[in-house]
Amino acid sequence: MKRGDFIWGAIMICVVAALVVPASRSVIMSTTMAHPYYMGIIKFAILASMGELFAIRIIAGQWNIPCGMVYRVCFWGFMGFTLTTAVSVYANGVPGSIQSGILYGARFHSPVIRAFWTSVMMNATYGPVIMSAHRISDTYLDLAGGQLRNLLSIKFDTVLATINWHSLVVVVIIRLLTFFWIPAHTITFLLPPEYRVLCAAILGFVLGVLLAFFKRYNATTPVGTLKPETVPVS
């Protein structure tokens, strides 16, 4: 084991302990209810970043810090911000559509149907947008070598041409959203609101792992020339 393994493990133990220990979990839940946006940003910035680093560790066999890690963490935080809004909008809007007959299932009064439709609608609309936005931002940072001063010199057309859209759409958007995120978010929406924060925290970590994994194995440039710069750590 390397030093990075102990550092990463220690951080994850602290995070898990904070979510499991009743006293700290109660504080996290009450704070999330009082300040949902701030907690959404913090939660995703930490856990999704930890998931991304973990995926790189598995793939590369060592701890590598992606170029522009600070900006990547900021984007994870932005995703947490948008997800906080999306969960509220879909959780409150979809049941109304079911009740009015726009979506099937009103006569069953089933929480499973309500949770399933909420998950389907969110992942069919919000999901592809945020997945694509994440890939675009990552590609920008890769092409810029993680340097903010280089971003302005990179044309948007170059970023779009670098991304393997076939892999992104087929693997990440269609397969991943259909076979993982829709079932996962169905379970999330079945939980009481106060427990969704725990489930969302776990899914934030999983999201970081999956997006980093599929990016490096299935969504590189079509000609395979893009090599994201990383900084090895011991």
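Biologist: Where does Ile65 sit?

Modeller: In this predicted model, Ile65 is part of strand β1, residues 63-66.

Biologist: And why is Ile65 called partly exposed?

Modeller: Its relative accessible area is 33%. Buried would need under 20% and exposed over 50%, so Ile65 at 33% lands in between and gets the label partly exposed. As for its surroundings, the C-alpha atoms of Ile65 and Glu52 are separated by 9.5 Å, with their positions 13 residues apart along the chain.

Biologist: What about Ile42, then: why does that one count as partly exposed?

Modeller: Run the same kind of check. Ile42 has 45% relative accessibility, and the exposed class starts over 50%, so Ile42 stays in the partly exposed class. You'll find Ile42 in helix α3.

Biologist: Which residues form the nonpolar patch on the surface?

Modeller: Tyr37, Tyr38, Ile41, Ile42, Ile46, Phe78 and Phe81, with about 660 Å² of accessible area together. Two elements give two or more residues each, α3 (36-60) and α4 (69-99). Helix α3 has the largest share, with five residues.

Biologist: What qualifies Ile42 for a patch like that?

Modeller: A patch residue needs over 30% relative accessible area. Ile42 is at 45%, so Ile42 clears that cut-off.

Biologist: Why are α3 and α4 called oblique to each other?

Modeller: Their axes cross at roughly 130°. Roughly perpendicular ends at 115 degrees and roughly antiparallel begins over 145, so a pair at roughly 130° is oblique. The two axes come within 7 Å, and α3 passes α4 in a right-handed crossing.

Biologist: Now α4 and α5: what makes those two roughly antiparallel?

Modeller: Helix α5 covers residues 111-143, and α4 packs with α5 at an angle of about 160°. That is over the 145 degrees required, so α4 is roughly antiparallel to α5. Their axes are 9 Å apart. This crossing is right-handed too, with α4 passing α5.

Biologist: Why call Thr139 buried?

Modeller: Thr139 belongs to helix α5. Its relative accessible area is 3%, and buried means under 20%, so Thr139 is buried. Thr139 also has Thr162 at 7.6 Å, C-alpha to C-alpha, though the two are 23 residues apart along the chain.

Biologist: How many salt bridges are there?

Modeller: Three. One of them joins the side chains of Asp5 and Arg57.

Biologist: What makes Asp5 and Arg57 a salt bridge?

Modeller: The N to O distance is 3.0 Å, and the rule asks for a side-chain nitrogen of Lys or Arg within 4 Å of a carboxyl oxygen of Asp or Glu, so Asp5 and Arg57 qualify. Asp5 is in helix α1 (residues 3-20) and Arg57 in helix α3, so this pair links distant parts of the chain, 52 residues apart.

Biologist: Is Asp5 buried or exposed, and how do you know?

Modeller: Buried. The relative accessible area of Asp5 is 13%, and the limit for buried is under 20%, so the label follows.

Biologist: Which residues are linked in a network of salt bridges?

Modeller: Arg72, Asp138 and Asp142. Arg72 meets Asp138 at 3.0 Å, N to O, linking helix α4 to helix α5 across 66 residues. Arg72 also meets Asp142, at 2.7 Å. Here again Arg72 lies in α4 and its partner in α5, so the pair ties together parts 70 residues apart in sequence. Both distances fall within the 4 Å limit, so both pairs count as salt bridges.

Biologist: Are Arg72 and Asp138 buried or exposed?

Modeller: Both are buried. Asp142 is buried as well.

Biologist: Last one. Where is Gly208, and why is Gly208 called buried?

Modeller: Gly208 is in helix α9, residues 193-218. Its relative accessible area is 0%, which is under 20%, so buried is the right word. The C-alpha of Gly208 is 11 Å from that of Met131, with the pair 77 residues apart in sequence.

Methods
Residues are numbered from 1 along each chain as its sequence is written. This is a predicted model: local features need pLDDT of at least 70, side-chain atom pairs count only at pLDDT 80 or more; totals for chains, interfaces and linings use all residues. Side-chain values use heavy atoms; hydrogens and water are left out. Patches are made of residues with over 30% relative accessible area and no salt bridge: like charges are joined within 9 Å, nonpolar side chains (Val, Leu, Ile, Met, Phe, Trp, Tyr) within 5 Å. Accessible areas come from the Shrake-Rupley method with a 1.4 Å probe; for residues, only the protein chains shown count as cover. Helices (H or I, at least four residues) and strands (E, at least two) are DSSP runs, numbered from the N terminus. Buried means under 20% relative accessible area, exposed over 50%, partly exposed in between (1.4 Å probe, protein chains only). Axes are lines fitted to C-alpha atoms, for helices over the stretch in contact, and angles run from 0 to 180 degrees between N-to-C directions. Angles under 35 degrees count as roughly parallel, over 145 as roughly antiparallel, 65 to 115 as roughly perpendicular and the rest as oblique. A crossing is left-handed if the near helix is turned anticlockwise from the far one by less than a right angle, and right-handed if clockwise.
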